[in-house]
Amino acid sequence: MNPRGEKPKSKISASRKLSLKMLLLTRACEDLEKERQDREEEKVRYLGEKLPPLQLSGKSLQELQELCKQLHTKIDIVDEERYDCESKVSKHNKDIHELKLKVQDLGGKFKKPALRKVRVSADEMMRALLGSKHKGSMDLRANLKSVKKEDVKQDKVLTSEVGDWRKNVEAMSGMEGRKKMFDTGGGAQ
């Protein structure tokens, strides 16, 4: 192969190639014609063997009826043979199709590649799955609720102030209780 990737020039001239093609085509046409004639001759020979010429002249009605019955039995036999041949052909065609599928499977066209570990961030994965539809970043920590330590301490103080539920009810009753709820940041709503 040339380093430039060009095809090497053939050693046969174009006129020689053309003449060879013409010779091959004429030979193929002759072979096809000969094959067609052979099939015609085989057909005529087979029909002459299986179907002798009928001689209907000079026969009585009884003999003609007997001949018709014989022809009907022969037709039934030939029809059964034809059906058997068709079923065999269809079965063979199915087998051929299944074998072709097996050959394709064994050919290795459908090999699975060896997988390797790849580190992918959540943003890259979403971009790969959704394409251009993916907008924004996939920062999972941004959506988490933040908890301040001061709020936890205040909740503990509120629960420790009112231990008995009766005191809690009395403390929250009336307008003073409402005012207390708003002052502490809406604790018990």
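Cys85 is partly exposed, with a relative accessible area of 48%, where partly exposed denotes the range between buried (under 20% relative accessible area) and exposed (over 50%), computed with a 1.4 Å probe and protein chains only. Cys68 likewise counts as partly exposed, at a relative accessible area of 42%. A disulfide is a covalent bond between the sulfur atoms of two cysteines. Under the criterion applied here, a pair of cysteine sulfur atoms within 2.5 Å, the number of disulfides is zero.

The model is predicted, and local features were accordingly required to have a pLDDT of at least 70, side-chain atom pairs being counted only at pLDDT 80 or more, whereas totals for chains, interfaces and linings use all residues. Residues are numbered from 1 along each chain as its sequence is written, and side-chain values use heavy atoms, with hydrogens and water left out. The pLDDT, which is the predictor's confidence in each residue on a scale from 0 to 100, averages 78 over the chain, and 65% of the residues score at least 70. Among the elements of the chain, H1 has the highest mean pLDDT, at 94, while helix H4 (residues 149–161) has the lowest, at 58. Where pLDDT is low, the predicted coordinates should not be read in detail.

The secondary structure of the chain comprises six helices and zero strands, both being taken as DSSP runs numbered from the N terminus (helices: H or I, at least four residues; strands: E, at least two). The order of the elements from the N terminus on is therefore written α-α-α-α-α-α. Of the 189 residues of the chain, 2% count as buried. The accessible area of the chain amounts to about 19,400 Å², of which carbon and sulfur atoms supply 57%; such areas come from the Shrake-Rupley method with a 1.4 Å probe, and for residues only the protein chains shown count as cover.

Helix H1 has 37 residues and reaches 54 Å from its first C-alpha to its last, a span close to the 54 Å expected at 1.5 Å a residue, the expected span being 1.5 Å times one less than the number of residues in the helix. The number of buried residues among the 37 of H1 is zero, so this helix lies largely in the open.

Side chains of opposite charge can pair when their charged atoms come close. With a salt bridge taken as a side-chain nitrogen of Lys or Arg within 4 Å of a carboxyl oxygen of Asp or Glu, the structure holds seven salt bridges. One of them joins the side chains of Arg36 and Glu33, with an N to O distance of 2.5 Å. Because Arg36 and Glu33 are three residues apart in helix H1 (residues 14–50), about one helical turn separates them. Arg36 is partly exposed at 40% relative accessibility, and Glu33 is partly exposed at 35%.

Farther along in the description of H1, Glu42, Arg45 and Glu49 are linked in a network of salt bridges. Within this network, the closest N and O atoms of Glu42 and Arg45 are 2.3 Å apart, and these two residues lie three residues apart in helix H1, about one turn of the helix. Arg45 also forms a salt bridge with Glu49, for which the closest N and O atoms are 3.1 Å apart; here the separation is four residues in helix H1, again about one helical turn. Glu42 and Arg45 are both partly exposed, with relative accessible areas of 41% and 43%, whereas Glu49 is exposed, at 55%.

Two C-alpha separations relate residues of helix H2 to positions earlier in the chain. Leu71, located in helix H2 (residues 61–107) and partly exposed at 28% relative accessible area, has its C-alpha atom 9.9 Å from that of Leu51, the two being 20 residues apart along the chain. Lys74, also found in helix H2, is partly exposed at 48%, and its C-alpha atom is separated by 9.9 Å from that of Lys50, 24 residues away along the chain.

A nonpolar patch on the surface is formed by Val118, Val120, Met125, Leu129 and Leu130, which together have about 480 Å² of accessible area. Patches are made of residues with over 30% relative accessible area and no salt bridge, like charges being joined within 9 Å and nonpolar side chains (Val, Leu, Ile, Met, Phe, Trp, Tyr) within 5 Å. Of the patch residues, Leu130 lies in helix H3 (residues 122–130) and is partly exposed, at 41% relative accessibility.
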